[in-house]
Every structure is written in C-alpha cells, then in structure tokens.
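User: I would like to learn how to read a protein model feature by feature. Please take me through this one.

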Amino acid sequence: MGRTRILILGGTAESRRLGEALAPRTDLDIVLSLAGRTIDPAPQPVPMRSGGFGGAEGLARYLRDEAIDLLIDATHPFAARISANAAEAAALSGIAAFALRRPYWVPAEGDRWRSVQSVSKAIAALGPSPLQVFLAIGRQEAYQANAAPIHHYWVRSVDPVEPPLTVPNVTYIHAKGPFRLEDELAMLRQHSIDVIVTKNSGGSATYAKIEAARQLGVEVIMIERAAADDMAAVETVEDALRRIDHLAASLMKRGV
Ligand code: NAP
C-alpha cells in the first residue's frame, strides 16, 4: 500500500505547526506549498514547494500530476483567492479536501472596535482629522493608506512595503510575530497611537495588540473576513490531525 500523499497550502503559523506534527509520520508523504511572497521564509519542517499553481485549473493539474490524495487549505483567512482555487481544484480532481481555519477574534468587554469589510473602507473610516495610526494589515495592501495622507501611519510588516507609501508621514516597523503584550503596550504609548487598523485574522500570534488597545482604550478598526469558505473546515491543528487520520484510514480501506 502506498503512502497517503498530502498537499498543505500554507503561509500561516498553523500550517507550520501541522507540518511539524506530520513530519515524523512514515505513512504520509507531505508537501507544504508557500506563495513565495516572503523574502526570507522560515525553514519548514516538511518538504516544500513555492509559487503559484496557475489558478484552480493549475492546482487541479498539480494534484493529478503529483497523485495527491488529500488537500489541506491552511492558508491565511484573508487569502481568499487561493482558498477559492483550492475548493474548485478539489472538486475538479475529486480528491478529499478540508480547510484548517482558526476562529476569528470576537470583541471582549472594554474593546472599542469598528468593523468594516475592506482595507479601503478602514482607511476611509479614519475620518478627516489627523490621527496617529498603527497600520497592522501586512504589506500587500498598505498602499491603500495613500488615499488618506492626512494621518501619520506606523506600518508594521515582515518585509518592506514596496513601493513605499506616498503619504508625507509614515514610519515603517519591520517585525515578525508573535508579539508580546508588554511590547505592544509600549509601542502604542511611545507613538501616542489613536487607532489601530487590523484584519480580524484570529489566532494568538498577533492578538497582543488587541489586548493592548483594550487596556489603553485605543480604538480598533477591524477588517472582517469575507464570506465563509466552500470547504469543510476545522479550527485547530489537533482537529486537523484527527481528520487526516480518519481520511487516511478510509483511503487505505479503499486501496487508494
Ligand atoms: P491570495 O490573494 O489568496 O492568492 C493569490 C495567489 O497567490 C493565488 O491565486 C495563488 O496563485 C498564489 N498563492 C497563494 N497562496 C499560495 C500557497 N500557499 N501556495 C501556492 N500559491 C499560493 O493570497 P495572499 O492573500 O496574497 O496570500 C499569499 C500567502 O500569504 C498565502 O499563502 C497566505 O497563507 C499568506 N498570508 C496571507 C496573509 C493575508 O493577510 N492575506 C497574511 C499572512 C499570510 P495561483 O493562482 O497562480 O496558484
């Protein structure tokens, strides 16, 4: 009986943790796929490939060519295109698939959130008076701040924002999570931040800024996730492992 071949679409802390948990398994062949955007990606615990597949059809072709048995979409909750492609490719190729999607954050007592549906709406929601804005949305969509040049932006991302923003007042912070509460508190105080703009990404690695905002009474403009995925989803790595075992056992029974 051959080993069950699994493709994990990654780029998140969860995909990495899943890879770590699966790396010792001799009954599975794992490939972890990254988009290839991060300049210096952290080493991964399992064999890796990098770069786009060429849409849903390209991904379906890859699944067939590589004889993949199971597709796991463990991409970031805001990476909507690859998730839609994954659902379509799994349907096209008829293989088992599920998503690993951490739960989004929900407001706690003391939080001052304004929820919006997109980065452009978040920037518009800053309003006409100059503010000190902590922009924590990653680098790809940071350019949308150019639409509201009245504010001073503190832009945090792993890699540099290219091209740089055109606004007159901007400070770049290059840092990679996880972030600690005391550091986030110090950052918000040091720069007298009035408002944080962030995506509702869920997870613990970047949650400290939300707690810090709560403690200091700082407003958060929260960009909410788009519509739910087409795929069945689990929320934790542990649930993903259970589902993998279940699917691998049923593939073995069918002699796949
Ligand atoms: P996206 O808009 O959903 O995807 C754009 C294209 O990038 C896809 O159509 C696909 O190209 C390629 N792609 C994306 N993820 C891939 C993967 N894991 N392996 C191979 N190709 C991939 O994605 P995005 O928002 O740019 O995010 C890119 C990556 O960064 C994702 O892997 C995601 O997990 C990670 N990430 C995203 C965010 C965020 O806020 N969006 C935050 C943290 C990490 P083809 O159509 O050519 O296959």
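Analyst: Let us begin at one turn of the chain. This is a predicted model, and in it A67, just after α2, takes a positive phi of about 50°. A67 has this positive phi although it is not a glycine.

User: Where does A67 lie, and is it buried or exposed?

Analyst: A67 lies in the loop between α2 and β4. Its relative accessibility is 43%, so A67 counts as partly exposed.

User: Which other residue that is not a glycine has a positive phi near 50°?

Analyst: One is S192, with phi near 50°. S192 sits in the loop between α5 and β10, and with a relative accessible area of 48% it is partly exposed. A glycine case can be found after α6, where G217 has a positive phi near 70°.

User: Back to the helix before A67. How do I read which residues of α2 are buried?

Analyst: Look for a relative accessible area under 20%, which is the cut-off for buried. In helix α2, residues 55–65, that gives A56, G58, L59, A60, Y62 and L63.

User: What covers those buried residues of α2?

Analyst: The cover includes the strands β1 (4–9), β2 (28–34), β3 (48–50) and β4 (70–73), and also helix α3 (80–93).

User: Which residues are buried in α6, and what do they pack against?

Analyst: The buried residues of α6 (208–216) are A208, K209, I210, A212 and A213. Note that a lysine, K209, is on that list. These residues pack against β6 (113–116), β7 (132–136), β8 (152–157), β10, β11 (219–223) and helix α5 (181–190).

User: What can be said about the loop before α6?

Analyst: Take A205, which is found in the loop between β10 (195–199) and α6. At 31% relative accessibility, A205 counts as partly exposed. Leaving aside neighbours within four places in sequence, A205 is in contact with P178 and F179. The C-alpha atoms of A205 and A13 are 8.2 Å apart in space, while the two residues are 192 apart in sequence.

User: P178 is a proline. What kind of peptide bond joins G177 and P178?

Analyst: Omega is the angle to read here. The bond joining G177 and P178 is cis, with omega about 0°, and P178 has its place in the loop between β9 and α5. The peptide bond from E162 to P163 is also cis, with omega near -10°. P163 is found in the loop between β8 and β9 (170–174).

User: Next, charges. How many salt bridges does the structure hold, and which should I look at?

Analyst: The cut-off to keep in mind is a side-chain nitrogen of Lys or Arg within 4 Å of a carboxyl oxygen of Asp or Glu. The structure holds 16 salt bridges. One of them joins D29 and R5, with the closest N and O atoms 3.3 Å apart. This pair links distant parts of the chain, D29 in strand β2 and R5 in strand β1, 24 residues apart. D29 is partly exposed at 23% relative accessibility, and R5 is partly exposed with a relative accessible area of 23%. Both belong to a network of salt bridges that links R3, R5, D29 and E66.

User: Which parts does the salt bridge between E238 and R17 tie together?

Analyst: The N to O distance in this bridge is 3.3 Å. E238 lies in helix α7 (residues 237–253) and R17 in helix α1 (residues 13–22), so the pair ties together parts 221 residues apart in sequence. E238 is partly exposed at 41% and R17 is partly exposed at 42%. Another salt bridge is that of D27 with R25, where the closest N and O atoms are 2.9 Å apart.

User: How are the charges balanced in the whole protein?

Analyst: There are 28 positive and 29 negative side chains, and the centres of the two sets lie 1 Å apart.

User: And what is the overall picture?

Analyst: The protein has 7 helices and 12 strands. Its radius of gyration is 20 Å, close to the 18 Å that the globule rule gives for 256 residues, so it is as compact as a globular protein of that length. The C-alpha trace spans about 65 × 35 × 30 Å along its principal axes. Buried residues make up 45% of the 256 residues. Of the contacts with a separation of 6 or more, 65% are between residues 24 or more positions apart.

Methods: Residues numbered from 1 in each chain as written. Predicted model: local features only at pLDDT ≥ 70, side-chain atom pairs only at ≥ 80, totals over all residues. Heavy atoms only, no water. Buried < 20%, exposed > 50% of the residue type's maximum accessible area, 1.4 Å probe, protein only. Helix = DSSP H or I, 4+ residues; strand = E, 2+ residues; numbered from the N terminus. Contact = heavy atoms within 4.5 Å. Rg over C-alpha atoms; globule rule 2.2 N^0.38 Å. Lys, Arg positive; Asp, Glu negative; His and termini not counted. Charge placed at Lys NZ, Arg CZ, Asp CG, Glu CD.
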